[in-house]
Amino acid sequence: MASIHLTFKIFAKGGAFPEYWKGMVNYMHKLYDASFLQKSTGKLFSLITCFALVTGVLGGCGESVGNVPEQTQPVETSSQESDIYSGKSIKTIGISMPASQLERWHKDAERLQGLFEDAGYDVMLSYGDNLIDTQIDEINKMIDDGAELLIIAPVDSDSLLPCIEKANEKGIPIVAYDRLIYHDPNLLAYVSYDNYKVGTLQGQFIADALDLKNAGESDKYNIEIFAGDPADNNAIYFYNGAMDVLKPYFDSGNITVLSNQTSFYSCSTSSWSSDLAMERMEIMLTSYYSSDNVLNAVLSSNDSIALGVCRAIEASYKKDNNIIITGQDCDTNNIPYIRDEKQSMSIYKDLKNEAYATFCIVESYLKGVSTGEDLSKGHDIDFEITRDTTSYVSDGVAITSYLLTPEVITHENVDDLPE
Ligand code: BGC
């Protein structure tokens with residue numbers, strides 16, 4: 001349900017949108033409220049996104065660069081008070097990952113499960129398969145079956161309220177893993193990579209590759225933008241980070257988006273789907289790049305999207321210039337593309353470290369260390385973690401976040417990646 005709501009909220013907020021879209025939003029809300037649609041949230045969401053993207057209608061609405069949803073703007077926060085469960089003795093950990101379809105979540109799950117089982121905990125593991133209802137059902141089941149602490153990477157950061165409330169009532173602490181959970185001021189912690197930094201690295205890569213710093217007035221480049229799933233809180237951070245780096249060059253006219261699809265919502269890719277990204281890229285190539293126009297760069301938020309973009313370019317782009325394409329995750333499927341410089345870069349996030357940081361934070365907490373202190377301290381951690389107490393907000397409360405540092409990978413160092 002919240003996926004729809006979030007998407008509608010985002011659509012409705014765009015100042016550039018005509019009243020027509022607001023009417024459409026209200027209508028879709030009503031439709032959604034009719035219960036027969038509630039079970040098919042994922043399908044309806046994809047349908048709307050496809051409709052919006054494929055028709056390109058949203059893109060034609062006079063967008064301004066860097067138009068982002070309100071939730072990333074600074075808000076008044078009170079401080080987190082999640083010590084209520086600290087020092088609790090527990091045996092069973094429930095781990096809920098968002099999707100089995102995307103490579104990284106298997107690795108995350110495997111690593112988390114291994115660490116907790118080796119330390120003597122029982123682990124319950126489930127995947128949301130990119131469906132909100134499935135994830136809610138799975139989490140409720142884990143709670144009913146006796147999970148005493150939950151580690152959750154949400155399909156939709158907005159939608160888990162029913163099981164969050166249930167966990168809170170039962171005194172079950174929750175760690176938001178990789179993706180923030182909205183609506184839980186009691187979160188024990190948020191553990192992730194620095195999502196904004198991921199975006200700045202992608203944007204900077206494009207700026208450097210096109211040498212935009214030294215670009216003269218007549219140097220003009222065309223770029224297209226592929227953001228992530230709007231239901232995933234991280235997607236906005238990736239987009240913002242990249243757009244903040246690129247904005248001066250949009251302003252100077254050195255880079256242009258021919259499709260005019262620049263706002264977060266019009267560039268977003270439901271479920272981070274390779275197929276949707278491929279379809280959208282194909283349409284753009286046909287619509288804007290079949291004449292003399294050259295496509296110089298594609299800002300793609302992650303590797304599953306980059307894969308779709310690369311496939312569309314292989315199939316339908318007839319010019320012989322190298323297109324700069326960004327990504328994230330260093331997925332196995334993308335490695336050959338990176339090696340061949342068809343995908344110019346990816347971001348490496350060592351999932352072993354993310355899982356280990358989570359494990360350490362949970363261990364400290366269960367030993368009674370307060371969330372006001374640095375829960376990552378006192379462990380054998382040999383990688384950088386930044387403790388951030390202001391940037392990530394759940395229901396008006398700033399959640400203590402532990403952010404790891406992402407790394408750029410190109411054809412030059414792709415073969416040095418650990419297995
Ligand atoms: C993760 C990315 C991943 C994307 C799709 C995001 O929340 O941070 O690493 O590419 O989800 O799975």
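**Exercise 1. At what angle do helix H10 and helix H11 pack, and how far apart are their axes?**

The model is predicted: local features need pLDDT of at least 70, side-chain atom pairs count only at pLDDT 80 or more, and totals for chains, interfaces and linings use all residues. Residues are numbered from 1 along each chain as its sequence is written.

Step 1. Helices (H or I, at least four residues) and strands (E, at least two) are DSSP runs, numbered from the N terminus. H10 spans residues 274-288 and H11 spans residues 303-316.

Step 2. Axes are lines fitted to C-alpha atoms, for helices over the stretch in contact, and angles run from 0 to 180 degrees between N-to-C directions. The packing angle of H10 and H11 is about 40 degrees, and their axes lie 7 Å apart. That makes H10 oblique to H11; angles under 35 degrees count as roughly parallel, over 145 as roughly antiparallel, 65 to 115 as roughly perpendicular and the rest as oblique.

Step 3. The crossing in which H10 passes H11 is right-handed. A crossing is left-handed if the near helix is turned anticlockwise from the far one by less than a right angle, and right-handed if clockwise.

**Exercise 2. Classify the crossing of H4 with H13 and that of H5 with H6.**

Step 1. Helix H4 (residues 103-118) and helix H13 (residues 351-366) have axes that come within 9 Å and cross at roughly 40 degrees. That makes H4 oblique to H13. Their crossing is right-handed.

Step 2. For H5 and H6, the axes come within 9 Å and the crossing angle is roughly 15 degrees. H5 and H6 are therefore roughly parallel to each other. The crossing of H5 past H6 is left-handed.

**Exercise 3. Determine the strand order of the seven-stranded open sheet and place E15 within it.**

Step 1. The order is E3-E2-E4-E5-E6-E15-E12, with mixed pairing; two strands pair if DSSP finds at least two bridges between them. Strand E3 (122-127) and E12 are the edge strands, each pairing on one side only. From one strand to the next, the twist averages 20 degrees.

Step 2. Strands of a sheet pair through backbone hydrogen bonds, either parallel or antiparallel. Strand E6 (residues 189-193) runs parallel to E15 and is joined to E15 by four bridges. Strand E12 (residues 385-388) is likewise joined to E15 by four bridges, but in the antiparallel sense.

Step 3. Serine 401 in E15 stands opposite tyrosine 190, and serine 401 is also the bridge partner of aspartate 388.

Step 4. E15 comprises residues 401-404, and both of its faces are covered. Ser401 and Leu403 on one side, and Tyr402 and Leu404 on the other, are all buried; a residue is buried if 20 or more other C-beta atoms lie within 10 Å of its own, exposed if 12 or fewer, and partly exposed in between, with C-beta atoms placed from the backbone.

Step 5. Elsewhere in the sheet, strand E2 (residues 92-97) pairs with strand E4 (residues 149-152) in the parallel sense over four bridges. Glycine 94 has leucine 150 in E4 as its bridge partner.

**Exercise 4. Describe the four-stranded open sheet.**

Step 1. Its order is E8-E7-E9-E10, and the pairing is parallel. The edges are strand E8 (255-256) and strand E10 (324-325), each pairing on one side only.

Step 2. Strand E7 (residues 221-226) is joined to strand E9 (residues 297-300) by four bridges, in parallel. Isoleucine 225 stands opposite leucine 299 in E9.

**Exercise 5. Compare the settings of aspartate 129 and cysteine 330.**

Step 1. Aspartate 129 lies in the loop between E3 and helix H5 (132-144). Its phi is near 50 degrees, a positive value in a residue other than glycine. Aspartate 129 counts as partly exposed because 17 C-beta neighbours lie inside 10 Å.

Step 2. Cysteine 330 lies in the loop between E10 and helix H12 (335-339). The phi of cysteine 330 is near 55 degrees, again positive in a residue other than glycine. Cysteine 330 counts as buried because it has 21 C-beta neighbours inside 10 Å.

**Exercise 6. Which residues surround the ligand, and to which classes do they belong?**

Step 1. The surrounding residues are Leu102, Arg104, Asp178, Arg179, Asp232, Asn234, Trp272, Asn302, Gln328 and Asp329; the criterion is a C-beta atom, placed from the backbone, within 6 Å of the molecule.

Step 2. The shell has two nonpolar, three polar and five charged residues. Ala, Val, Leu, Ile, Met, Phe, Trp, Tyr, Cys and Pro count as nonpolar, Asp, Glu, Lys and Arg as charged, and the others, Gly among them, as polar.
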